[in-house]
Amino acid sequence: MRRTLTTVAAVAVMTLPLIGAGPTAGSTHGHAVTGTYSTGGAQAWRPLPVVRTGTDTGGPVDATVVADPGATRQKYTGVGFSLDETSVSNLWKLSPGERARAVRLLVDPVHGAGLDRFRLTIGSPDLIEHLPFWSEDDLPAGVTEDFGLRHFSIRRDLDLHIVDTIKLIQRYNPRATFFASAWSAPAWMKTDNRFLGQVALKPGSATEYYQVGKLRDDCIEVLARYYVKFVQAYARQGIRVDALTLLNEPGMDVVYPAMDISVAQQQKLALAIKRELRTARLGTRLYVHDFNFWDWRDPNSTATKNYHRIFDDAPDGSVTGAQVREAADAIAFHPYWGDPTVMRDAYEETGKPVELTETSDLSPSTVLDDFRLDAGSYILWAQTTDQDGGTLHWTPARDNDIDWDEVAATTKWPDRLVTVHTDTRKFTVRDELYPLGQFAKYLSPGDVRLESSAAQHGVANVVYRTRGGGYTAVLGNGADSDRRVRVAVGDQTFVVTVPAGSFATYRWKG
């Protein structure tokens, strides 16, 4: 059941005058509300005073949060980061003990931040330390095609410690989940026979480019089988890949690994992937799009790719929109261009969950805002570099003959979530990790967000009903002073004090 924010506001009007009708302050009636808060490493996951529901006497507060238990939105999927080769490589420059300590701090739900959702890459992404870029089906000399996928291998994933890193994550967070994306099909499946992207100027333009390398029409079915073989290969390593994206940023005009797939190809590929998954008896979910807000739809732009058309009937009648909607389990977004409200619109228009599968924004305020716009997950991209911000191959240059060694020497991405200090073999983390943990430590996959009132006097909120029937609320206090906040969920109310500049998480039984 869905209700609008206007309805929630009405609930607030009806509920708040009744607040003083419950047990008096100090009563032992009602449910215990436990909480912790973080402002950064100096104040991380600190306990807050226990209060009880039903003890609110109706006194003045700085802000009120009202959530409607009957107005449900999206399910929580997870908060985490990508296991791109650059990040993994830097983690493996630490001593074994320090590496274990770093991973535990990131993912342990008891002793660490509890990050619980991780993105794997099918072959090489755009962020790697060790050249060359690779797919999972690179061909030996003299071989031009491999429709039987006889040369498929995850050997590079093993040699580069990607699988080892996943196993370390699983050790410290057994509830961790994984999904996977490819940046490109293997070179032999593409029209230009290049794994790397290749760009050209759009006709009549001196500044706008398009991606030359396209998926071959006769390789749609084999690409679907390639994806399924990846899921099966990881399953043999004890790693369940619970979702695949159709393709990372399809049609991106870049020279690192990339590929164009038309809307018609996306439709056919979506159906082929789900068909191959069913044949393999896999319950792996499929996310379509996996690109920016703007590329899904922008009514103010004539240049947007309008990939929402994947849910339209194909003009030639070969695929129906209904077939694609049935195949798609979610819509994946990146935030680099466009309006994030597209996520909410897509959720309401299609009924499909939306997932934020790549972002570089570490702000916990953005996490809260995006969850309020119906994102089920929040996945950080490329969050481990060395003290110089280097050890990566990435370029915005539209140069098909780019010197990748020069790129590695000059491209720097400093101040990521984790910095590995190669001189001391130690690591440091940014303060944002700790408020990110205020989400990941306390939410679990399947928790359902409730519609709740807007931010008030610097206090923002997101509220979930847990699978066990209780509630979890994350409150962000952006003010430089403590705030007294009344929380009202249905007929349960209580008042808490949220420390200045903090994110605080409260949990109680329903």
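Two strands count as a pair when DSSP finds at least two bridges between them. That idea will be handy below, where we walk through a predicted model, starting with its strands and moving on to its cores, its largest pocket and some backbone details.

**Strand pairs**

The table gathers pairs built around β11 and β18.

| Strand pair | Sense | Bridges |
|---|---|---|
| β10 (residues 285-292) and β11 | parallel | five bridges |
| β11 and β12 (residues 354-359) | parallel | three bridges |
| β17 (residues 448-452) and β18 | antiparallel | three bridges |
| β18 and β19 (residues 471-477) | antiparallel | seven bridges |

**Around β11**

Let us begin with β11, which spans residues 330-334. On the β10 side, Asn292 stands opposite His334 of β11. On the β12 side, Ala332 has Glu355 opposite it. The chain gets from β11 to β12 by way of helix α10 (residues 341-350), and the three elements make a right-handed β-α-β unit.

How many of the five residues of β11 are buried? Five of the five are, so the strand counts as mostly covered, with buried meaning under 20% relative accessible area. In a regular strand, side chains alternate between the two faces of the sheet. For β11, one side carries Ala330, Ala332 and His334, while Ile331 and Phe333 sit on the other, and both faces are covered.

**Around β18**

Strand β18 covers residues 459-465, and six of its seven residues are buried. With β17 it forms a hairpin that leaves six residues between the strands. In that pairing, Arg449 has Tyr464 of β18 as its bridge partner. The turn holds His457, whose phi is positive at about 50 degrees.

A further hairpin joins β18 to β19, with five residues between the strands. Here Gly469 takes a positive phi near 95 degrees. Across the pair, Ala460 stands opposite Gly476 in β19.

**Nonpolar cores**

In soluble globular proteins, nonpolar side chains tend to be buried together. In this model, the largest nonpolar core has 128 residues. Which residues have the most contacts inside it? They are Met189, Tyr234, Phe333, Phe371 and Phe439. Phe333 is a residue we have already met, as one of those buried on a face of β11. Helix α6 (residues 220-235) supplies the largest share of this core, with 11 residues. Apart from it lies another core of 22 residues, including Tyr37, Val463, Leu475 and Val487.

**The largest pocket**

If you are thinking about where to place a grid box, you may like to know that the largest pocket has a volume of about 470 Å³. Its lining consists of 24 residues, and those nearest its centre are Lys202, Tyr209, Asp253, Trp294 and Lys305. The elements giving two or more residues to this lining are β8 (209-211), β10 and α8 (293-296). Of these, β8 gives the most, namely three residues. What is the make-up of the lining in nonpolar, polar and charged residues? It divides into 10 nonpolar, five polar and nine charged residues. Strand β10 thus has two roles in this account: it pairs with β11, and it contributes to the lining of the largest pocket.

**Backbone details**

Some loop residues deserve a look when you check backbone angles. The peptide bond from Leu131 to Pro132 is cis, with omega near 5 degrees. Pro132 is found in the loop between β5 (117-122) and α4 (155-159).

Arg281 is not a glycine, yet its phi is positive, near 60 degrees. This residue is located in the loop between α7 (263-279) and β10. Is Arg281 buried or exposed? Arg281 counts as exposed because its relative accessible area is 80%, and the cut-off for exposed is over 50%.

Asn306 likewise is not a glycine but has a positive phi, of about 50 degrees. Its place is the loop between α8 and α9 (321-327). With a relative accessible area of 23%, Asn306 is partly exposed.

Finally, Val498 lies in strand β21 (residues 492-498). A relative accessible area of 0% makes Val498 buried. Its C-alpha atom is separated by 23 Å from that of Pro69, and the two residues are 429 residues apart along the chain.

Definitions and conventions
Residues numbered from 1 in each chain as written. Predicted model: local features only at pLDDT ≥ 70, side-chain atom pairs only at ≥ 80, totals over all residues. Heavy atoms only, no water. Core = buried A, V, L, I, M, F, W, Y, C linked by side-chain atoms within 4.5 Å. Buried < 20%, exposed > 50% of the residue type's maximum accessible area, 1.4 Å probe, protein only. Helix = DSSP H or I, 4+ residues; strand = E, 2+ residues; numbered from the N terminus. Right-handed = clockwise from strand over helix to strand, strands pointing away. 1 Å grid on protein atoms, 1.4 Å probe; cavity = no way out; pocket = protein on both sides within 12 Å on 5 of 7 lines; lining within 4 Å. Points joined across faces, edges and corners; volume = space filled by probe spheres on them. Nonpolar A, V, L, I, M, F, W, Y, C, P; charged D, E, K, R; others polar.
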